[in-house]
Amino acid sequence: MWTAGTRTWRAALCCVVLLEVFLRVARGLNVCTSGSTTSCEECLLIHHSCAWCAQEDFGRGRTMTSRCDFIQNLQKRGCDVQFIEFPRSSISVLQNIPLSAKGSGSTQYDVIQITPQKVSLSLRPGDQMWFEVQVRQVEDYPVDLYYLMDLSLSMKDDLDTIRNLGTKLAHEMGKLTSNFRLGFGSFVDKNMSPFSYTAPKYQENPCNGYKLFPNCVPTFGFRHILSLTDKVDRFNEEVQKQMVSRNRDAPEGGFDAILQAAVCKERIGWRKEAYHLLVFATDDVPHLALDGRLGGLVQPHDGACHLNEQNEYSASTKMDYPSLGLLGEKLAENNIYLIFAVTKRLYVIYKNFTALIPGTTVEILDQDSKNVIQLIITAYNNIRSKVELTVWDHPEDISLSFAATCQDGQPLAGLRKCADLQIGDTVSLPASVHTPTI
């Protein structure tokens, strides 16, 4: 349904197109007859306002008569309407299921948050068409949350804190959704020099000889521990089994872990109809692409899933760390919201990462992770308060623009997102589709 603001926006664009044609005629410049067109195809490609007269005896007895002209001019010069070729741009809505009011329940797999779902456009070169997109943040939408934790030695206190996280987090998330699932994975770093201790005495116990904490498990890249489940007690059980490990340098291999958690969607258990939240908890900076060359890893990351039968990242010592661009691409492909939960001293660093990885937020994590539940709730509410429309894989010769109409009811040209929304709010995004003149 068109709002008053939307109608104003569309009317203004229509006036621009009509004014363009009017000015061309008023100035004496007829774009249709200015060239030397010899066929219908050439004529129709000149401008979307041009028409072609296919009448056999048209112009007979005249020295110069172009068959390519505006419709009204062709008719004035005797071309019968039935012989005028003038294909018009058109739009057809192929699927337009109404927006859902609620996300969970027996019909959760038919939740509609955007309408229309399918639109067919037929556009002449240089022409423009409009249609409206509506998006709604439905209530009680299912949530999948995968908790990805740094298990390097410095995170020992944090591990102790989250041993009963599952029960507490499920209770709090239950206030926001009736359909919540929780999963768990951990990471340290590549088990190779110079990132980890590789001497034989450290292979089984990299904490060997470390007086403050003499025993820990072997270093590993990424380990998927618990697939997404609604049985939150399983989360508590698995976390209680975990032990920290140790790497050599300060940066961690967390970006390897993020990419695997994003692309190994069958193993992780991401549902199609659910919000995908990936919480990344760490107290240090990550290794980035090209850091792997320090260990002789020259092969760039391929962006694929590499979990073996033990659910461990099998390419950890074969490929470089992923780039920020690759991470952003894979997170977007799989509709995953990444939440950086980091200590205060790292906030600015990870805040800068969010500018390079769309859809990512950063929150400050206490030194012992005591605030992790409130952190997750805050990040979730922040994500749910925004709507942004992203367009993928549209033809290069198609220009697509939006004019978001947010809660104030005023369309803003060029804007495709709204913020400060409440659950259940509907956002209107009138879309303009334009094809260039060939």
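Two strands count as paired if DSSP finds at least two bridges between them, a handy rule to keep in mind for the close-ups of this predicted model.

**View 1. Five strands build an open, antiparallel sheet.** The strand order here is S5-S7-S18-S15-S16. Look for strand S5 (114–115) and strand S16 (411–413) at the edges, where each pairs on one side only. Strand S7 (residues 128–136) and strand S18 (residues 426–434) run antiparallel and are joined by nine bridges. Within this pair, Glu132 stands opposite Pro430 of S18.

**View 2. A six-stranded open sheet shows mixed pairing.** Its strands follow the order S10-S9-S8-S11-S12-S13. Strand S10 (222–229) and strand S13 (360–364) are the edge strands, each pairing on one side only. From one strand to the next, the twist averages 15 degrees. Strand S12 (residues 336–342) runs parallel to S13, with five bridges between them; Phe340 has Val362 in S13 as its bridge partner.

**View 3. Helices H5 and H10 meet strands of the six-stranded sheet.** Helix H10 (residues 347–356) packs on the sheet and touches strand S11 (275–282), S12 and S13, its direction making about 170 degrees with that of S13. Helix H5 (residues 165–173) lies across strand S8 (143–150) and strand S9 (180–187), and runs at about 140 degrees to S9.

**View 4. Arg223 and Glu312 meet in a salt bridge.** Their side chains come to 2.7 Å, N to O. Arg223 belongs to strand S10 and Glu312 to the loop between S11 and helix H9 (324–333), so this pair ties together parts that are 89 residues apart in sequence. Arg223 is partly exposed, at 23% relative accessibility, and Glu312 is partly exposed too, at 25%.

**View 5. Two salt bridges sit within helices.** In helix H6 (residues 232–241), Lys241 and Glu238 lie three residues apart, about one turn of the helix, and their side chains meet at 3.4 Å, N to O. Lys241 is exposed at 56% relative accessible area, whereas Glu238 is buried at 13%. In helix H9, Lys330 and Glu333 are also separated by about one helical turn, with a distance of 3.6 Å, N to O, in their salt bridge. Here Lys330 is buried, at 15%, while Glu333 is partly exposed, at 45%.

**View 6. Val93, Val119 and Leu121 form a nonpolar surface patch.** Together they offer about 200 Å² of accessible area. Leu121 sits in strand S6 (residues 118–122) and counts as partly exposed, at 31% relative accessibility.

Conventions. Residues are numbered from 1 along each chain as its sequence is written. This is a predicted model: local features need pLDDT of at least 70, side-chain atom pairs count only at pLDDT 80 or more; totals for chains, interfaces and linings use all residues. Side-chain values use heavy atoms; hydrogens and water are left out. Patches are made of residues with over 30% relative accessible area and no salt bridge: like charges are joined within 9 Å, nonpolar side chains (Val, Leu, Ile, Met, Phe, Trp, Tyr) within 5 Å. Accessible areas come from the Shrake-Rupley method with a 1.4 Å probe; for residues, only the protein chains shown count as cover. A salt bridge is a side-chain nitrogen of Lys or Arg within 4 Å of a carboxyl oxygen of Asp or Glu. Helices (H or I, at least four residues) and strands (E, at least two) are DSSP runs, numbered from the N terminus. Buried means under 20% relative accessible area, exposed over 50%, partly exposed in between (1.4 Å probe, protein chains only). Axes are lines fitted to C-alpha atoms, for helices over the stretch in contact, and angles run from 0 to 180 degrees between N-to-C directions. Contact means heavy atoms within 4.5 Å.
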